[in-house]
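Dear colleague,

I am passing on a structure that I would like you to look over when you have time. My notes follow below it.

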Amino acid sequence: DLLSIAVLIQEDLASGFNNQLDDIRALIRGLPKGTRVMTAYLRAGSPQITQRFTEDLESAAKSLRIVTGSGSGAPRSPYDGVSDVLPRFDSVPVGRRAILLFSDGLDTTNGLNLASVTQSYDLDQAILQAQKRSVAVYACYAPTGLTNSGSSVLSLGAQGALQKLSDETG
């Protein structure tokens, strides 16, 4: 069964995330032959696609770059970026579909309070769109400047939102 996987990385992750890039590259290179891989960075506005879906695993691995770690490039919601990328799965052949998301999970669309983090409209829309397209989302928590130094309650709430995304998409 063919696999199509999108690797999504939140642009404003703390700079320590860059130490994991070689491991992610190795993961991509180790995928089975015939796997289609896309890479993108979630930024303010729309995702920056660094590699469209390709079976060239080496090109996909090489398309990863360091994150800026700057809050100025932060997406207002990582889930908005997930929703923006999901339609790209419409053009790939039928088979298993997945997103590997590296994010802090914090949706700041409606401010910085626990209710807005855990009851996010963008999160619910991303879940619905992923379910509709049969795309499983595997979320990996990685801190940003905001979740590294901010409230542990917000950080835990954001991690819970990532867990919800993964649980509800398979």
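What follows is a short account of a hairpin, two helices and a loop.

Please bear in mind throughout that this is a predicted model.

I begin with the strands: β2, covering residues 36–42, pairs with β3, covering residues 48–54, in the antiparallel sense, and four bridges join the two. One of the bridge partners can be named, since Ala-40 is matched with Ile-49 in β3. The two strands form a hairpin with five residues between them, and in the turn Gly-45 has a positive phi of about 95°.

In helix α5, which runs over residues 121–132, I looked at Asp-122, whose relative accessible area is 10%, so that this residue counts as buried, the limit being under 20%. Leaving aside residues up to four places away in sequence, Asp-122 touches Arg-76, Ser-77, Tyr-79, Asp-80, Ser-83, Asp-107 and Thr-109.

The loop between α5 and β5 (135–141) contains Ser-134, which has a positive phi of about 55° although it is not a glycine. With a relative accessible area of 55%, Ser-134 is exposed, because the threshold for that class is over 50%.

Helix α7 comprises 18 residues, 152–169, and spans 26 Å from its first C-alpha to its last, close to the 26 Å expected at 1.5 Å a residue. Its buried residues include Leu-154, Ala-158, Ala-161, Leu-162 and Leu-165, and also Ser-155 and Thr-169. Just after α7 comes Gly-170, with a positive phi of about 100°.

With best wishes

Key. Residues numbered from 1 in each chain as written. Predicted model: local features only at pLDDT ≥ 70, side-chain atom pairs only at ≥ 80, totals over all residues. Heavy atoms only, no water. Pairing = 2+ DSSP bridges. Buried < 20%, exposed > 50% of the residue type's maximum accessible area, 1.4 Å probe, protein only. Contact = heavy atoms within 4.5 Å. Expected span 1.5 Å × (residues − 1).
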